[in-house]
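Me: Could you take a close look at the aromatic rings in this structure, and tell me how they are arranged and what lies around them?

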Amino acid sequence: MLPGVYTARKKNGELYYRSSITHCGKHISLGSFPTEETASEAYTLASRLLSDQSLTMDSFSEKDSVLPFSKWVTLLNFRDNGMYIRTPIYLQKRFFHYYFDRDDFLTFDIDDLFYFSTRSISRRGGHLFVADYGMQVNILSRYGIKNYAVPGRDFRFVNGDNRDFRYENIEIINRYHGVARKTKNGQVYYETKIHWRGDFLVGRYQNETEAAIAYNKAASCLITKGYKKEYPVNYIEELSPADYHTIYKKVTISSRLRQLKPRQ
């Protein structure tokens, strides 16, 4: 058997070949291959990636490489940074890149290394997910961004790069459902809308806490009057129950909602 190659069998008894390499005491699986020669080629390429400094990300060619690009990233990172990470992460000084392809990567703070080194990121419908305890979790939730949030309206990437997920680069504009921060003549205010016969204006408020509670109050009003839509609830964690109740009683909502007749 060629170096780095061993055989295995599928459930149906069919023979195939696996390849692996050991470097600095770390045993690394390189994958499975249809022939012994291809598995050996993977082993030879991995040996070069771990020792030849002239090989970089830019050296990768999908047509010519028997190893996928994700494996290139893990091997080059191990070579250059002395840390083997099973996901396609390449470490920088204070951050890291998570690669999908040679020119397609996300940037994260080093504080997020453990999380993304143990979870693979997948894309679906323009969103980014990880499998977390059996559930598909949108990675934006790590930054306090809700699933319904709209880029540019509810949050923004400060430097304009929507692939840069470092904490300093993400600004949350609107934290609560139905609330939008507005500016008029240099003055900031918060506008609350609820879905009732379209986007209905509940009111305008001086701060986002009042605006968020106004949404809850409007939703409660509609539900009480027989509108059974499942409106989400805004949770204001920094308020005690007593403080929340005080603001809830004080905050005003549109008279059209308050005077709405109960649904029959």
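Reply: Rings of Phe, Tyr and Trp, the last taken by its six-membered ring, are treated as a pair if their centres lie within 6.5 Å. By that criterion, a search of the whole structure, which is a predicted model, finds 17 aromatic pairs. One of them joins Tyr99 and Phe105, whose rings are tilted, with 5.2 Å from centre to centre and 50° between the planes. Tyr99 has a relative accessibility of 10% and therefore counts as buried, since the limit is under 20%. The ring of Phe105 also has Arg163 lying over its face, at 4.9 Å from the ring centre.

Another pair is formed by Phe157 and Phe165, which meet edge-to-face, with centres 5.5 Å apart and an angle of 85° between the planes. Both partners count as buried, Phe157 at 15% relative accessibility and Phe165 at 3%. Phe157 and Phe165 also belong to a cluster linked by ring pairs, which includes Phe96, Phe108, Tyr115, Phe116, Tyr143, Phe155 and Tyr167 as well.

Phe116, a member of that cluster, leads on to Thr87, whose side chain reaches the backbone oxygen of Phe116 at 3.0 Å. Thr87 lies in the loop between α2 (69-81) and β4 (89-91), and with a relative accessible area of 1% it is buried. Leaving aside neighbours within four places in sequence, Thr87 is in contact with Thr74, Tyr98, Phe116, Ser117, Arg119 and Ser120.

A further arrangement of charge and ring involves Arg124, whose charged end sits over the ring of Phe129, 4.3 Å from its centre.

Technical notes: Residues are numbered from 1 along each chain as its sequence is written. This is a predicted model: local features need pLDDT of at least 70, side-chain atom pairs count only at pLDDT 80 or more; totals for chains, interfaces and linings use all residues. Side-chain values use heavy atoms; hydrogens and water are left out. Helices (H or I, at least four residues) and strands (E, at least two) are DSSP runs, numbered from the N terminus. Buried means under 20% relative accessible area, exposed over 50%, partly exposed in between (1.4 Å probe, protein chains only). A polar contact is a pair of N or O atoms within 3.5 Å; within protein, one must be able to donate a hydrogen and the other to accept it, and residues adjacent in sequence count only if both atoms are side-chain atoms. Contact means heavy atoms within 4.5 Å. Rings of Phe, Tyr and Trp (its six-membered ring) pair if their centres lie within 6.5 Å; planes under 30 degrees apart count as stacked, over 60 as edge-to-face and the rest as tilted. A charge sits over a ring if NZ of Lys or CZ of Arg is within 6 Å of the ring centre and within 35 degrees of the ring normal.
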